[in-house]
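Subject: A structure to look through

Hi,

Here is the structure I promised to pass on to you. Have a look at it first, and then read my notes below.

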Amino acid sequence: MDDSSTSETGNRPATNEEFAQLLAANQDVLLWFIKALLPGSPDVDDILQNTNLVLWRKQESFRAGTSFLKWARAVARWEVRAWLSKARRHNWLVINDELAEAIADTIEQESRGVGASARLDALAECQRKLKPRDKLLVSYYYQMSKSLNECAEAFELSANSMKSTLHRIRAALRRCVESRLAMNQAGK
Amino acid sequence: MSISREIECQIQDLVDGHLDEDQQRVLIERIANDPELTRLYVSHVGLDLTLSKSMRFSPAKLADLRQTPPSQPQIVKALLASAAVVALSLVVLRLIIVPDPPPLATFRASPGTVYQLQRAGDKAPEPGSLILNEGDEMTLTQGVVELGFGAGVRGIVEGPAKVVFEKKDRVRMTDGRAFFEVPAAEKGFKVITGDLIVTDLGTEFAIKVGDGSPDEVHVIKGRVEVAPRGHAGSGKVLEAGHALSSLGSDLTVTTPFKGSIFLKHLPDRLPYLHIPGDMSDDGSIVVIGDIQGEEPIKARFLPGKSGSDALPTVEGRFGSAFKLTGQGDHVLTDWAGIGQDDPRTVAFWVRMNPGEATYDTACVVWGHRPQGIETVNRKWNVQVALDRETKSRCIVNTTFGGFWFEGTTSLDDGQWHHVAAVYTGQNLPSGMPDLRLFIDGKREAGEWVWNEPIDRKEGNVRVRTETRVEEGAEPLMIGKPLHDRNSFRGELDEIYVIAGALETEAVQTLWQSNRLDLAKPRKD
């Protein structure tokens with residue numbers, strides 16, 4: 001997923017095509033990183049778009065053969081700070097630089113050799129194992145972008161029951177997806 | 001170290017944004033000091049993103065649906081908003097032993113949508129419930145509903161529509177239009193129409209039924225199998241880019257493929273068309289809106305006897321406005337209009353000087369008017385014209401063909417006035433169509449006038465606006481009636497056609513702000 005190609009690229013600017021490919025290939029990881037720095041924010045997609053715009057504007061300063069992801073993450077980190085500043089939420093979330101680095105490293109490890117489509121496939125397999133009502137509930141929450149209270153009402157649950165049900169389902173999906181991805185990696 | 005369920009729940013709350021600042025700080029500190037918790041946090045962020053990606057209906061911004069359930073007492077009627085919901089929901093859930101039938105699907109509706117839901121067994125619908133069960137019946141009076149099912153199957157149903165969930169893997173659709181997107185793993189569900197049985201083979205396809213025409217299937221991706229009802233085994237496989245219509249047992253593959261006219265995502269308002277009175281840089285007439293799905297609607301100027309090369313424009317109420325001279329000059333589109341008794345709203349700004357009005361003209365019109373016959377109810381025409389009785393007052397007249405509603409306010413004073421004609425698709429207790437006229441945001445008094453004989457069924461006057469070209473219908477025109485006399489003279493601006501009946505507040509917003517702002521979806 002990352003770029004760091006070797007040497008043959010030398011120290012020249014990336015071509016437009018190379019740059020576009022790197023940008024496209026790293027969108028999922030960048031979004032993951034931004035969301036981890038701003039959990040619960042509805043603006044992560046906008047911040048990713050702003051990051052992309054800055055990356056395009058600064059395209060010439062990127063050198064083929066260097067780490068695109070490291071460079072792009074630094075820009076994303078700045079965009080997150082800019083968002084916090086504009087939103088006047090300097091102290092909103094205390095993810096300091098050290099934790100941001102740890103998060104970035106963890107994402108890199110988790111995504112090494114595992115693309116977004118592999119995750120989607122693993123998730124689809126795991127969802128098939130859910131009980132039908134659980135499958136519908138999590139689909140409703142994500143497909144319809146509903147709040148917990150709206151979901152609770154639709155499924156005739158209390159808000160607390162809805163929350164704990166969603167937690168249970170997602171914990172199960174997490175374990176299942178990790179297990180499937182590990183099996184797939186081992187099988188390679 | 002084993003991670004407690006409690007901390008994993010807290011991490012999920014953090015990802016969802018459900019913790020307050022203090023709670024976040026405490027948890028973040030724990031995460032920062034524990035690599036296992038860092039990994040768990042990162043995993044849940046990733047899972048949340050992957051779930052969103054796998055389920056998101058549309059890559060575009062999700063509509064602001066403002067769909068909080070109505071607070072008024074629920075009325076137990078069943079209007080099935082979308083056939084798609086029924087079909088899709090049946091496929092998804094297959095429980096083996098259940099004390100109660102499992103839910104089959106969920107749905108959401110665009111603003112301005114009106115629907116009724118009848119539960120199987122006449123059970124009372126639960127307030128705010130957006131779940132559909134086996135045996136439910138939904139009728140969509142107007143608007144659009146999106147259906148969601150557990151395995152990623154979804155559908156978009158445009159009203160008016162009627163759908164019944166017959167069995168877990170079968171839905172019946174007797175009216176309306178619907179688009180279905182079915183992942184390959186879920187192939188096999190069926191949609192039954194009046195004429196056809198459509199079996200999905202892992203695809204995207206659309207269906208159009210009702211309105212007096214043969215049922216149609218359009219395959220957008222993948223394949224479907226189509227068989228005439230009552231003739232099992234005589235079906236054919238239809239591939240992407242092809243369409244089929246039927247009449248009885250005859251399957252003919254001659255229907256032009258029109259996959260683009262079907263909505264594929266939930267709109268953030270009722271389907272609409274807007275001709276703002278502006279011209280684009282290349283001189284073409286600007287037409288906006290999704291009343292014909294992704295298929296653009298074209299409009300062109302026909303000069304009649306005016307001798308103009310181009311459509312004259314003047315400064316309008318908002319931007320530019322069309323100036324028509326009453327010499328047969330008009331705007332012709334390629335959109336067929338809203339047919340039968342489907343609800344609709346037409347709104348526009350008009351300015352006319354004293355003496356410019358004529359009798360029996362047109363501002364916004366479509367449909368069919370057989371030559372020489374004045375009593376056939378096959379058209380829809382909203383006009384600002386002289387009244388029939390005295391031919392001296394310039395009023396708003398909305399006609400369906402043979403019966404029309406005349407307003408009372410004179411409009412030819414050289415000032416801009418906003419006109420809105422709203423037809424709900426229903427009948428009043430008197431049997432006349434429920435038509436509401438608004439002038440400058442205020443409800444207009446008026447009366448019905450008609451020629452005999454008037455077409456009634458069980459006491460109700462029938463509205464049967466024709467949109468089929470093969471039945472003689474003409475598409476939407478601005479400024480020229482369906483006959484060759486008396487075209488419109490005056491200025492027109494911000495012409496809207498909306499596939500639904502606007503409520504008073506929405507008409508007033510359109511008048512005040514030139515913006516289509518709709519009510520939350522309503523269950524009748």
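Which residues in helix 4 of chain A meet residues in helix 5 of chain A? They are Arg73(A), Arg77(A) and Arg81(A), and their partners in helix 5 of chain A are Asp97(A), Ala100(A), Ala104(A) and Glu108(A).

Before the rest, some ground rules. This is a predicted model, in which local features need pLDDT of at least 70 and side-chain atom pairs count only at pLDDT 80 or more, while totals for chains, interfaces and linings use all residues. Residues are numbered from 1 along each chain as its sequence is written, chains are lettered from A and ligands numbered from 1 in the order in which they are written, and side-chain values use heavy atoms, with hydrogens and water left out.

**Chain A and its helices**

Chain A has nine helices and zero strands (DSSP runs numbered from the N terminus: H or I of at least four residues for helices, E of at least two for strands). Its pattern along the sequence reads α-α-α-α-α-α-α-α-α. Of its 188 residues, 47% count as buried (under 20% relative accessible area; exposed is over 50% and partly exposed is in between, with a 1.4 Å probe and protein chains only).

Back to the pair from my question. Helix 4 (residues 68-86) and helix 5 (residues 97-111) of chain A pack at an angle of about 135 degrees, with axes 12 Å apart (axes are lines fitted to C-alpha atoms over the stretch in contact, and angles run from 0 to 180 degrees between N-to-C directions). That is why helix 4 of chain A is called oblique to helix 5 of chain A (under 35 degrees is roughly parallel, over 145 roughly antiparallel, 65 to 115 roughly perpendicular, and the rest oblique). Their crossing is right-handed (the near helix is turned clockwise from the far one by less than a right angle; anticlockwise would be left-handed).

Helix 4 of chain A also packs with helix 2 (residues 27-37) of chain A, at an angle of about 35 degrees and with the axes 10 Å apart. This crossing is right-handed too. On the helix 2 side, the residues that meet helix 4 of chain A are Val29(A), Leu30(A), Phe33(A), Ile34(A) and Leu37(A). Among those they meet in helix 4 are Leu69(A), Ala72(A) and Val80(A).

Two residues of chain A are good to click on. Asn52(A) lies in helix 3 (residues 44-57) of chain A and is buried, with a relative accessible area of 9%. Leaving aside residues up to four places away in sequence, Asn52(A) touches Leu23(A) and Gln27(A) (contact means heavy atoms within 4.5 Å). Gln185(A), in helix 9 of chain A, is partly exposed at 34% relative accessibility. Gln185(A) and Val114(A) are 71 residues apart along the chain, yet their C-alpha atoms are separated by 8.3 Å.

**Chain B and the core**

The secondary structure of chain B comes to five helices and 35 strands. Of the 524 residues of chain B, 56% count as buried.

Where are the most contacts inside the largest nonpolar core? They belong to Phe205(B), Ile207(B) and Val217(B), in a core of 60 residues (a nonpolar core is a set of buried Ala, Val, Leu, Ile, Met, Phe, Trp, Tyr and Cys residues joined through side-chain atoms within 4.5 Å). Helix 9 (residues 159-186) of chain A gives the most to this core, with seven residues. Not counting residues up to four places away in sequence, Val217(B) touches Leu196(B), Val226(B) and His242(B), among others.

**Some local details in chain B**

The loop between strand 21 (330-333) and strand 22 (344-351) of chain B holds Gly337(B), which counts as buried at 17% relative accessibility. Gln340(B) is in that loop as well; although not a glycine, Gln340(B) has a positive phi of about 50 degrees. Lys391(B) also has a positive phi of about 50 degrees without being a glycine, and is partly exposed at 42%.

Finally, look for the cis peptide bond between Gly159(B) and Pro160(B), where omega is about 0 degrees. Pro160(B) is found in strand 6 (residues 154-167) of chain B.

Happy exploring!
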